[in-house]
Amino acid sequence: MENLTQLFSKIDDLVWGPPLLILLIGTGVYLTIKLGLLQIFKLPLAFKYLFSKDEDYDGDGDISSFAALCTALAATIGTGNIVGVATALAAGGPGALFWMWVAALFGMATKYAEGLLAIKYRVVDKNGQMSGGPMYYIEKGLGIKWLAKAFAFFGICVALLGMGTFTQVNSISSAINITFKVPQFATIALLTIIVGLITIGGIKKISKAAELIVPFMAIFYVLGALIILITNISKLPEAISLIVRSAFSPSAAFGGALGVTILTSMQKGIARGVFSNESGLGSAPIAAAAAKTKSCVRQGLISMTGTFIDTIIVCTMTGLTLVITGMWNSTEYSGAQVTTEAFKAGFGNFPMIGQFIVTIGLIFFAFTTIIGWNYYGERCTEYLFGVKGILPYKIIFLVAIASSIFMKLELIWIVADIVNGLMALPNLVGLIGLRKVIIGETTSYFNQIKLNKAA
């Protein structure tokens, strides 16, 4: 098993090496320039659309744009926001958080493009449900069907072997076992039943669960972190200064003792940032395709708010807490326990409150990731095998959840990383190949808005 883990680690390093990271960020940089910093100048409009009840845009689709975003955020906001941030800072120093911000800034342009293409090229399946995402805009827009099939295959792999099952189930069962002393097998059994009841109902039931859980869990976790930041407000300026300084001079954090370079800090921050907000991976547009809207640009703007919420807000709260409490540099703890100890330290004389916030956050973050990725895998299955493949897929998904207790977590995390990266490659080819469509639709939309205002 150890040799197998080492082999997959080498494959993981190869997949997530400089070429993929450069392609991910490069795509975001290109779109940012060509779209005129749309993610900055149009962000207020994007949030206005997100909470708008304008019936004029209530077009074809299965669920509201808000529900589609919540479904995407359900899959996006996960253990990466708690465990991934701690891992990035431990390996790359506080500067890794700065590079997560950079990845998020350019990732918003990428996520915008994904949401736009998802609506433009979506179709209706034989069950009457909307289907869309990279597999459709790669096939219909670029005409490269084998590449579309490759994306769908890797998407199913991520759902069944990676982010959708084993890693999340282990996080939930471990957290409940540590905090509430409930046996892991009991938690997994109950989780299998709950997920089954939700996912069998399809996108409408999944989106309703997401609409209920996602806003609550994000606000709950962020408020907990804000309490720590406010009570330690005097340490905040130095923490931010350390983050920025160590992004360009890791010795500012490590004293040069650990040999952490700017490249290491950059690589860890960007990789974890992408892993957390999934910009460029092609997962979120699968949910965006189900939105009721007449405008692909409008949905693109709404989609990009997901990256802002995930990284700029949630990951930042985790990162600042880790830096302010000094737990980012802990050698005693690892993974979720680092963040747990940071929250405990942040609450001073009431450490159990901090532990409770992280535990509940971890449980809900991981749970919503499960139901979100269940839907992504379902749509990829439908693309490859038709509607007849959906039920067998759901059964296999539930079996994977139930069998999670027998899996070796270290190897599973590595496999999840690999298939995530492989999923990104076809999607990025699609975005680059359809760049003129993205720019054309955007220009046309905002020109029309100007004409309407002038009339």
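Is Glu278 buried or exposed? The legends below address this point and related close-up views of a predicted model.

**View 1. Glu278, a residue of positive phi in the loop between helix 15 and helix 16.** Glu278 counts as buried, because its relative accessibility is 2% and burial means a value under 20%. The residue follows helix 15, which spans residues 262–277, and lies in the loop that leads to helix 16. Its phi is positive, at about 60 degrees, although Glu278 is not a glycine. Most residues other than glycine have a negative phi.

**View 2. Leu37, a residue of positive phi in the loop between helix 2 and helix 3.** Leu37 is not a glycine, yet its phi is positive, at about 55 degrees. The loop that holds Leu37 ends where helix 3, residues 38–41, begins. With a relative accessible area of 35%, Leu37 is partly exposed, whereas Glu278, at 2% relative accessibility, is buried.

**View 3. The surroundings of Thr27 in helix 2.** Thr27 belongs to helix 2, which covers residues 18–34. Its relative accessible area is 5%, and therefore Thr27 is classed as buried, the limit being under 20%. A polar atom of the Thr27 side chain lies 2.7 Å from the backbone oxygen of Leu23. When neighbours within four places in sequence are left aside, Thr27 is in contact with Ile22, Thr110, Leu428, Leu431 and Ile432.

**View 4. The largest cavity and the residues that line it.** The structure contains 4 cavities of 30 Å³ or more, and the largest has a volume of about 70 Å³. Its lining consists of Ala68, Leu69, Ala72, Leu73, Thr76, Lys111, Ala284, Ala288, Gln299, Ile302, Ser303 and Gly306. Two or more lining residues come from each of helix 5 (65–76), helix 16 (284–288) and helix 17 (296–325).

**View 5. Composition of the lining of the largest cavity.** Which element gives the most to this lining? Helix 5 does, with 5 residues. Sorted by class, the lining has 7 nonpolar, 4 polar and 1 charged residues. Among the lining residues are Lys111, Gln299 and Ser303. Helix 16, whose loop towards helix 15 holds Glu278, is also one of the elements that give two or more residues to the lining of the largest cavity.

Technical notes
Residues numbered from 1 in each chain as written. Predicted model: local features only at pLDDT ≥ 70, side-chain atom pairs only at ≥ 80, totals over all residues. Heavy atoms only, no water. Helix = DSSP H or I, 4+ residues; strand = E, 2+ residues; numbered from the N terminus. Buried < 20%, exposed > 50% of the residue type's maximum accessible area, 1.4 Å probe, protein only. Polar contact = N/O pair within 3.5 Å; in protein donor to acceptor, adjacent residues only side chain to side chain. Contact = heavy atoms within 4.5 Å. 1 Å grid on protein atoms, 1.4 Å probe; cavity = no way out; pocket = protein on both sides within 12 Å on 5 of 7 lines; lining within 4 Å. Points joined across faces, edges and corners; volume = space filled by probe spheres on them. Nonpolar A, V, L, I, M, F, W, Y, C, P; charged D, E, K, R; others polar.
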